[in-house]
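Please open the structure in a viewer and keep the sequence panel visible beside it. The tour below proceeds one selection at a time and says what is to be found at each stop.

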Amino acid sequence: MSPDIGKRRTRGGAVMPSSSLAVISDDSDFVHFDYAASAPCIEAAATAVQELLPRYGSVHRGTGIRSQASTLAYELARDVVAEFVGARPGDTVIFTRNTTDALNLLARALPEGTTTVQFDGEHHANLLPWPNPLRLPTPSSADEAVTVLKEALDGLAGPAVLTVTGASNVTGEVWPVRELADVAHSYGVRVVVDAAQLAPHRPVDLEDLGADWIAFSGHKLYAPFGAGVLAGRSDWLDAAEPYLAGGGASAAVGDRLGDLVWATGAARHEGGTPNLLGAVAIAAVCEALAATDRFALHQHEQLLLARLRDGLAAIPEASEVSVFGPDQPRVGIVSLDLPGHDPAEVARRLGQEHNIGVRAGQFCAHPLVRRLTATGETGSCEQTRGLLRISFGLGSDIDDVERLLVALAAVLRT
């Protein structure tokens, strides 16, 4: 694979796609390094939506040709996503608004009394929705994470789930999900994987991860149309009250109060008219990625990551942060501590003076960022200076990395 796969060429002022994985941009001079927040749309997603728009109609709501075509497209999208995540017989794929929505849905579907085991460095979407949390300190190594989990599960009674990130949205470090899942399952504990940052960078498979459920967002997977996915075991979902009470979630409603029958399967938790375009866009990206050499994409990303980290190490004003240490496998995300500098001001200058987009702040992971910057007491909600985050993916190339390194050094030294 050419190292510039996913890039768009310019010809006579027009931007031309090199493949279905080409990112869409109207500014060939802008460098986007904020993929972890929202990745750019790729050609495959945009094309799928554009092709559907002329026959777009209401899903599951009519017998007309537009409704029938839209229903078919929606359910086909569900099948494509199911294959993308390695759904097993009996698993359910539910379309949601995003990862946060998916995790909140599942949290509300847990049987009463379920304990939720989590590490305190999770993204807020995977930290805040869960009932009865047993919150564990974020470990300093992958091996320690497994040990801490074993100790926490010893003697734990009743139903429980472990909910863990696949890759940190702050440091990019890949968590030892399979090892944690094996431990959890040995205690009869189910496993939820927040794959919002993992799915855009690596293949995600429920069986390979050892996950009972997986959740991710379309807008981080190059399909920014406001949809997400929850996929996995159906038993607790089928037994739970509908996430949204309304049309679609109800199979039959009688005249008397409480005389109703709720739908089963995915429809039970997809009340209201679903986001057809979002589902189709996600499925298009899943198909495009599945048809691509994912190992080649991974190798290209790792080359960029290595060059970025090497270059950052030569900038004394910036210090890369990590949870597990420098050798832990990573996706294309790096965050920097900038002592003596305001990350927000650095980000502003990179944007205004160099046309480079990065992110500054705490990235909806306040406890983890406080720990990584060594500011604030543990458990405190006081403000911290935050970090500067650089994140990339399809469409990023070595020239972008070199440009960022030069610009960042200039901003920090002036």
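Begin by selecting S335 and R389: R389, in β17, is the bridge partner of S335. The model shown is a predicted one.

**The sheet**

Extend the selection to the whole of β14 and β17, which run antiparallel and are joined by four bridges. Next add the remaining strands of this open sheet, which has four strands in the order β13-β14-β17-β16 with antiparallel pairing. β13 (319–320) and β16 (359–361) are the edge strands, and each has a single partner, so one side of each lacks a neighbour in the sheet.

At the β13 edge, select β14 (residues 333–337) together with β13; the two run antiparallel and are connected by two bridges. Within this pairing, E320 has L336 of β14 as its bridge partner. At the other edge, β16 is joined to β17 by three bridges, again in an antiparallel arrangement. Here G361 may be selected, with L387 of β17 opposite.

Are the residues of β17 buried or exposed? Five of its five residues are buried, and the strand is mostly covered. Show their side chains: L387, R389 and S391 point one way, whereas L388 and I390 point the other way.

**The helices on the sheet**

Return to the pairing of β13 and β14, with its two bridges, and then add helix α10 (residues 343–354), which packs on the sheet and touches β16 and β17 (387–391). The direction of α10 makes about 40° with that of β17. Now select helix α11 (residues 366–373), which also packs on the sheet and touches β14, β16 and β17. The angle between the directions of α11 and β17 is about 110°.

Which residues of α11 are buried? They are L368, V369, R370, L372 and T373. Their cover includes β14, β16 and β17. Just beyond the helix, select A374, whose phi is positive, at about 55°.

**The cavities**

Turn next to the enclosed spaces: there are two cavities of 30 Å³ or more. The largest has a volume of about 160 Å³. It is lined by 15 residues, and those closest to its centre are Y222, L297, E301, G393 and L394. Select helix α9 (residues 294–313) to see the largest share of this lining, six residues. By class, the lining of the largest cavity comprises eight nonpolar, five polar and two charged residues.

The second largest cavity holds about 50 Å³ of space. To display its lining, select Y35, A36, A39, Q197, P200, H201, K220, Y222, I333, S391 and F392. These residues divide into seven nonpolar, three polar and one charged. S391 was already met as a buried residue of β17, and Y222 was named at the largest cavity.

**The second largest pocket**

What is the volume of the second largest pocket? It is about 350 Å³. Select H123, N169, Q197, K220 and F363, which lie nearest its centre among the 27 residues of the lining. The classes in this lining are ten nonpolar, twelve polar and five charged residues. Q197 and K220 will be familiar from the lining of the second largest cavity.

Terms used:
Residues numbered from 1 in each chain as written. Predicted model: local features only at pLDDT ≥ 70, side-chain atom pairs only at ≥ 80, totals over all residues. Heavy atoms only, no water. Pairing = 2+ DSSP bridges. Contact = heavy atoms within 4.5 Å. Axes fitted to C-alpha atoms, helices over the stretch in contact; angles between N-to-C directions. 1 Å grid on protein atoms, 1.4 Å probe; cavity = no way out; pocket = protein on both sides within 12 Å on 5 of 7 lines; lining within 4 Å. Points joined across faces, edges and corners; volume = space filled by probe spheres on them. Nonpolar A, V, L, I, M, F, W, Y, C, P; charged D, E, K, R; others polar. Buried < 20%, exposed > 50% of the residue type's maximum accessible area, 1.4 Å probe, protein only.
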